[in-house]
Amino acid sequence: MVGAGRHLVAAVIHGSAAFESAIQGSHTLAVRCEAWIAGRRVASDLPLREDASISVDSSRFVRRSARSSFVEETTSSAESLRSVLTRPGCEIRVWRGVELKFGATEFLPIHWGVVDKVSGGWPDRTLSVDCPDLAQKVAYDRFPAPRQSAAGMSTPQQIQVLVGESVPRLRYVDTTGSTAFVRKVVWEKDRNTAIDTLAVSIGAESYFSPAGQWVTRPVQTLRGIPALRVRAGE
């Protein structure tokens, strides 16, 4: 599983001290992939192929998109995995891990998305799946009628409401500390545009994290604390 993108990922997910130590030297990678529907795991250890990939673009509302390939076991029917992946609302969760020195494997979440398209291949019995992250659900959930902002709410609270209406089980994380009230405004159709506009109004960004959180955080600026330091030429 390879991650690629034009921008650095805004939310950095760290492993334990043993994990961080292991990846500094020679190590063995492991990948775990599961299918979930309505908050319940319906399939584990999906046969994910090595050519699967995840692209990341922090300039988009839907930041992560996975192109996954699965291969059916010869002992199972060709419809079994397809039937799972094509269920309405099927979600794919992917973890990437490292085998530690004492035999255990520690995993970190790298993708959580909703199945958008499934296509099959023959005779290699592969299924290719397009799987954008859960922000796609929010983008698809357009307002059925013009929607007015709620009086008395702070901007982060209003974002939480708009996200929670589409994906209610996500944990919401706000690190802006903003108490700015939402001005009276009417949104026409696009829920994602409303969320982006609200975040920009307080100098923040709002996005889905593969750890299962919806994060609203200040946008990094040149005057902020650097997250990474690199030497010239590296």
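A residue counts as exposed when its relative accessible area is over 50%, and as buried when that area is under 20%. Keep these cut-offs at hand for the exercises below, which work on a predicted model.

**Exercise 1.** Find where D45 sits, decide whether D45 is buried or exposed, and look up the sign of its phi.

*Solution.* Start with the place: D45 belongs to the loop between β3 and β4 (53–56). Next, take the accessibility of D45, which is 59%. The cut-off for exposed is over 50%, so D45 counts as exposed. Finally, turn to the backbone: D45 is not a glycine, yet its phi is positive, at about 50°.

**Exercise 2.** Work through the steps again for A38: which loop holds A38, and is A38 buried or exposed?

*Solution.* The loop that holds A38 runs between β2 (29–37) and β3 (40–43). A38 has a relative accessible area of 71%, so A38 is exposed. As for the backbone, A38 has a positive phi of about 55°, although A38 is not a glycine.

**Exercise 3.** Now move to F70: which strand holds F70, is F70 buried or exposed, and which residues does F70 touch?

*Solution.* First, locate F70 in strand β5, which covers residues 64–71. Then check its relative accessible area: the value is 1%, so F70 is buried. Next, leave out residues up to four places away in sequence; F70 then touches C33, L46, P47, L48, R49, L81, L85, R125, T126, L127 and V129. As a last step, compare sequence with space: D51 is 19 residues from F70 in sequence, and their C-alpha atoms are 9.6 Å apart.

Note on methods. Residues are numbered from 1 along each chain as its sequence is written. This is a predicted model: local features need pLDDT of at least 70, side-chain atom pairs count only at pLDDT 80 or more; totals for chains, interfaces and linings use all residues. Side-chain values use heavy atoms; hydrogens and water are left out. Helices (H or I, at least four residues) and strands (E, at least two) are DSSP runs, numbered from the N terminus. Buried means under 20% relative accessible area, exposed over 50%, partly exposed in between (1.4 Å probe, protein chains only). Contact means heavy atoms within 4.5 Å.
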